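Biologist: I have a model open and would like to learn how to read it feature by feature. Could you walk me through it?

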Amino acid sequence: MNAPYADRLNALCVRLRKADVSASLVACPADWRYLTGFTGDSGFLLVVGRSAVLFTDGRYTFQARSEGRNVSVVSCQGPLLGAVSAWLNQNRIHKIGFDPEDLTVAQFRTLRHACGSAVAWKPLSGTMRELRSVKDGAEIAQMRRAAALAGDVMEHLFGFLKPGVRELEVAAELDYQMRKRGASGPAFEAIVASGPRSALPHARPTAKRLKKNELVVLDLGAILGGYCSDLTRTAFLGRAPKRIREWYMAVHEAQAAGVEVAREGVPCGDVDLAARRVLAGRGLDKYFIHSTGHGIGLEVHEWPRLANGQKQGLRAGQVVTIEPGVYVRGIGGIRIEDEVLICPSDCEFLTRVPRDLVEL
Ligand SMILES: [Mn+2]
């Protein structure tokens with residue numbers, strides 16, 4: 001069972017050759033998981049040609065040897081970067097790529113000092129994130145399951161929300177329901193934001209109790225089989241007044257406009273623009289204070305970004321969120337977020353909870 005790992009290593013290898021380096025240092029746990037299957041979160045992976053060497057410590061050695069595919073495992077007693085440097089010098093590696101987003105300044109200095117002038121370090125931003133952004137069939141199947149789980153939890157929560165319940169209780173129920181349904185954990189700290197607090201796009205749940213005639217934004221995601229989901233719905237406790245309804249319809253239409261244009265080849269920024277235009281038509285664009293979406297996979301926020309000015313084209317097999325919102329200080333916020341799979345001529349929802357305003 002070496003596929004898909006062998007294919008992924010090959011794909012990286014092709015990129016490294018193009019970038020004119022003989023090796024690459026992988027310092028991001030999601031990246032080495034993608035390349036080798038090792039799920040531990042401490043280590044460094046060196047990819048040299050078509051082979052890979054994982055440096056980890058005693059806590060992860062057995063795990064790395066049983067999970068890792070096409071990888072030899074070096075169990076380190078001392079500092080990992082010391083072992084990495086020694087290996088590079090022994091194997092006469094002279095040109096190595098790394099992702100500057102994944103190494104700290106201190107780690108980079110340590111490596112450069114230990115390897116000396118014999119090794120040239122070439123920053124390669126984005127190589128792994130581009131590879132990881134396009135999902136294969138098995139990944140898509142897993143992401144469908146993670147999205148379905150998030151949807152089930154969301155629908156369960158609609159029955160749990162009522163006046164008097166604290167945001168923190170909703171968050172606790174949410175975490176419990178995710179794990180009970182098989183998630184290994186939450187993909188991020190869930191957002192449960194009620195009343196005026198819902199105007200904070202990334203509000204943390206507090207001891208505040210839900211009240212009648214308030215908006216409640218629920219933003220949650222589960223990790224299932226290593227893959228994340230991300231889903232937001234906005235509910236109203238009671239019958240929503242006209243103004244709230246109008247805002248909700250505007251966000252709903254903005255999301256539909258984004259979904260409508262999202263397909264292979266379309267610049268990422270165009271999806272953002274399509275959503276933003278709808279809100280601008282209602283005079284609400286000044287309340288849409290974040291970008292429209294992001295890639296998702298082994299990590300909850302991945303490449304690409306669906307934001308203003310992003311020119312790179314969407315690719316078939318990418319999974320992205322489309323999540324416009326409006327946030328009005330002192331009153332509340334509305335966000336509708338779904339995950340879609342980019343296809344050659346359209347996109348497909350992976351999250352399947354109804355998108356109409358939920359009035360409870
Ligand atoms: Mn999101």
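Modeller: Gladly. Let us begin with contacts: two residues are in contact when they have heavy atoms within 4.5 Å of each other. Keep in mind that this is a predicted model.

Biologist: Among contacts with a separation of 6 or more, what share comes from residues 24 or more positions apart?

Modeller: In this protein, that share is 66%. A single residue shows the idea too. L46 sits in strand β2 (residues 44-48), and its contacts, leaving out residues up to four places away in sequence, include S24, L25, V84, W87, L88 and I96. L46 counts as buried because its relative accessibility is 0%. For a sense of scale, the C-alpha atoms of L46 and S125 are 16 Å apart, while 79 residues separate the two in sequence.

Biologist: How should I read the overall build, and what does the radius of gyration say?

Modeller: The idea is to set the value beside a rule for globules. For 360 residues, a compact globule would have a radius of gyration near 21 Å, and the protein has 23 Å, so the two agree. The C-alpha trace spans about 70 × 40 × 35 Å along its principal axes. Of the 360 residues, 55% count as buried. The secondary structure comprises 10 helices and 20 strands.

Biologist: Which residues hold the manganese ion?

Modeller: For a metal site, list the donor atoms and then look at where their residues fall in the sequence. Here the manganese ion is coordinated by the OD of D230, the NE2 of H294, and the OE atoms of E323 and E337, at 2.1 to 2.4 Å. The spacing of these donor residues in sequence is D-x63-H-x28-E-x13-E. D230 belongs to the loop between β11 (227-228) and β12 (231-236), and E337 to the loop between β17 (332-335) and β18 (338-342), so this pair ties together parts that are 107 residues apart in sequence.

Biologist: Are D230 and E337 buried or exposed?

Modeller: Both D230 and E337 are buried.

Biologist: E337 comes just before β18 in that loop. How many residues of β18 are buried?

Modeller: With a strand, check each face in turn. In β18, five of its five residues are buried. D338, V340 and I342 lie on one side and E339 and L341 on the other, and both faces are covered.

Biologist: Which strands does β18 bridge to?

Modeller: Strand β15 (residues 319-322) runs antiparallel to β18, joined by four bridges; within this pairing, T321 is the bridge partner of E339. Strand β19 (residues 347-349) is also antiparallel to β18, with three bridges, and here V340 stands opposite F349. The link from β18 to β19 is a hairpin through four residues.

Biologist: Where would I look for parallel pairing?

Modeller: Go to strand β1 (residues 23-26) and strand β5 (residues 95-98), which pair in the parallel sense over three bridges. A23 faces I96 of β5 there. β5 also pairs in the parallel sense with strand β6 (residues 120-123), over four bridges, with F98 opposite P123. Between these strands, the path uses a helix: β5, helix α5 (residues 105-115) and β6 make a right-handed β-α-β unit.

Biologist: How do I spot the edges of a sheet, and what is the strand order in the one that holds β7, β10 and β11?

Modeller: Look for strands with a single partner. This open sheet has the order β7-β10-β11, with antiparallel pairing. β7 (185-186) and β11 are at the edges with one partner strand each, so one side of each has no neighbour in the sheet. Strand β10 (residues 222-224) and β11 share two bridges, and L224 stands opposite Y227.

Biologist: Last one: how many disulfides are there?

Modeller: Compare the distances between cysteine sulfurs with a cut-off of 2.5 Å. By that rule the count is zero. For C28, the closest cysteine sulfur is that of C228, and at 12 Å this is too far for a bond. C268 is likewise in no disulfide, as the nearest cysteine sulfur, in C347, is 12 Å away. C28 counts as buried because its relative accessibility is 9%, and C268 counts as buried at 0%.

Methods:
Residues numbered from 1 in each chain as written. Predicted model: local features only at pLDDT ≥ 70, side-chain atom pairs only at ≥ 80, totals over all residues. Heavy atoms only, no water. Donors = N, O, S within 2.8 Å, 3.2 Å for Na, K, Ca; no water. Buried < 20%, exposed > 50% of the residue type's maximum accessible area, 1.4 Å probe, protein only. Pairing = 2+ DSSP bridges. Right-handed = clockwise from strand over helix to strand, strands pointing away. Rg over C-alpha atoms; globule rule 2.2 N^0.38 Å.
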